[in-house]
Amino acid sequence: MNKIKALAIAAAMVWVTAWAQVPADSPIAIEVRDYKGNTQPSEKVEALRLKGVAKAGRADFKLICEACHLVTGGGKPDGSIPQLAGQHSTVLIKQITDIRAGNRHNPMMYPFARQLADAQSIANVSAYVATLCIPLDSGKYLGADSPRQIAEGKVLYDRECAQCHQANGEGLKEMFYPVLAGQHYEYLLRQMKNIREGVRTNVPPEMFKVITKYDSTQLVSIAAYLANLNTPASMMMQSGSMCRAAKTR
Ligand code: HEC
Ligand code: HEC
């Protein structure tokens, strides 16, 4: 690993663990609108340290998560429910613990996220989800101008987003950069707008600064490009495989 990459990873770990001592796991946190973007429940740090057991995580996934995220972990192509399959386990752990602590406002999932017993259960379910094959049928941008949107989206994405989310939208496990390739179009667009408008605050300040420069028309193009991108599983850090078309959902 080169020195610059090692330094960047060290910086990301500081960002993620800096608030580890703050007991943020308060039941009222979800109602607080100006919460700190990166307030850390200690269970996040603990879950990141533990070894997730995918087989154990499967039971919780079936019981608690499947009703919304579906048995495949593919979510819904209308973007109401995100695709989780193949996402980096670090990203999954961070999002689940942020949602549990109210640092990422998600009233729909909040009561279900709270049902996971402890940090080990969070590590387990994340390990399981990360092994699911990546569906090929994500919700796409459906406008007639789709080829133009996708081409323009690629130019914009490559300029400022690829430095973190990587050239093929495959993210980076150690840095908590999510996989964006093949995520549902509507979900991507909603998250980008939520992040830009400060509705979703659990992102690094660098990303917030970058995304505030883009208007909604540009975000449509970027989302159209990313939803259309199928990153080969071999480029991701750990995910099992791409699903075969016939058994995606
Ligand atoms: C009642 C429906 C529902 C249930 C049950 C549910 N979720 Fe979710 N989940 C959602 C919704 C809706 C979102 C996206 C919210 C938004 O748009 O910000 C989400 C987002 C997520 C994210 C963030 C994805 C990303 O790309 O950032 C993760 C991780 C996640 N869920 C994992 C789980 C796990 C694990 C379980 C089971 C313990 C679970 N969810 C149960 C509805 C649900
Ligand atoms: C400094 C690195 C960085 C840059 C630059 C950056 N991002 Fe991000 N982005 C992140 C991180 C880290 C997250 C996950 C935030 C978290 O931990 O909750 C994220 C989250 C997202 C999400 C939500 C993913 C999900 O599954 O919910 C989208 C969409 C996104 N970024 C798009 C973009 C776009 C588009 C750009 C360029 C305009 C961009 N990002 C630039 C680091 C970055």
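# Report on a Predicted Helical Protein with Two Ligands

## Burial and overall make-up

A residue is called buried if 20 or more other C-beta atoms, placed from the backbone, lie within 10 Å of its own. By this criterion, buried residues make up 41% of the 249 residues in the protein. The model described here is a predicted one.

The protein contains eleven helices and zero strands. Its pattern along the sequence is accordingly written α-α-α-α-α-α-α-α-α-α-α. Among contacts in the protein with a separation of 6 or more, 77% join residues 24 or more positions apart.

## The surroundings of ligand 1

Ligand 1 is surrounded by 20 residues. The closest of these are C65, C68, Q95, M109 and F112. Three helices, α3 (54-69), α4 (89-101) and α5 (110-113), each contribute at least two residues to the shell. The largest share, five residues, belongs to α3.

When the shell around ligand 1 is sorted by class, it holds 16 nonpolar, three polar and one charged residues.

## The surroundings of ligand 2

Around ligand 2 there are 23 residues, and C161, C164, Q191, E206 and M207 are the closest. Helices α8 (162-165), α9 (185-196) and α10 (205-211) each supply at least two residues of this shell. The helix that gives the most is α10, with four residues.

The classes represented around ligand 2 are 16 nonpolar, four polar and three charged residues.

## The packing of α3 against α6

Besides its part in the shell around ligand 1, helix α3 packs with helix α6 (residues 119-131) at an angle of about 90°, and the two axes are 7 Å apart. Because angles of 65 to 115 degrees count as roughly perpendicular, α3 is roughly perpendicular to α6.

On the α3 side, the residues that meet α6 are A54, A56, G57, R58, D60, F61 and C65. Their counterparts in α6 are S121, N124, V125, S126, A127, Y128, V129 and T131. By class, the residues of this contact comprise eight nonpolar, five polar and two charged. C65 is found both in this contact and in the list of the closest residues to ligand 1.

## Helix α6 and its covering

Helix α6 has 13 residues and reaches 19 Å from its first C-alpha to its last, close to the 18 Å expected at 1.5 Å a residue. The helix is mostly covered, with eleven of its 13 residues buried. The buried residues are A119, S121, I122, A123, N124, V125, S126, A127, Y128, V129 and A130. The elements that cover them include α2 (42-49), α3 and α4.

What is the burial state of T131, a residue of helix α6? With 19 other C-beta atoms within 10 Å, T131 is partly exposed, because a count of 20 or more is required for a buried residue. The C-alpha atom of T131 is separated by 8.6 Å from that of Q87, although these residues are 44 residues apart along the chain.

## Helix α4 and the residue that follows

Helix α4 is one of the elements covering the buried residues of α6, and it also supplies at least two residues of the shell around ligand 1. This helix has 13 residues and reaches 18 Å from its first C-alpha to its last, close to the 18 Å expected at 1.5 Å a residue. Helix α4 is mostly covered: 13 of its 13 residues are buried. Just after α4, G102 takes a positive phi of about 80°.

## Positive phi angles in two loops

Which residue in the loop between α3 and α4 has a positive phi although it is not a glycine? The residue is L70, with a phi of about 70°, and its place is in the loop between α3 and α4. L70 has 17 C-beta neighbours inside 10 Å and therefore counts as partly exposed.

F176 likewise is not a glycine and has a positive phi, of about 65°. This residue lies in the loop between α8 and α9. F176 is buried, because 21 other C-beta atoms lie within 10 Å of its own.

Note on methods:
Residues numbered from 1 in each chain as written. Chains lettered and ligands numbered in written order. Predicted model: local features only at pLDDT ≥ 70, side-chain atom pairs only at ≥ 80, totals over all residues. Near = placed C-beta within 6 Å. Nonpolar A, V, L, I, M, F, W, Y, C, P; charged D, E, K, R; others polar. Axes fitted to C-alpha atoms, helices over the stretch in contact; angles between N-to-C directions. Parallel < 35°, antiparallel > 145°, perpendicular 65-115°, else oblique. Contact = placed C-beta atoms within 7 Å. Expected span 1.5 Å × (residues − 1). Buried ≥ 20, exposed ≤ 12 C-beta atoms within 10 Å, placed from the backbone.
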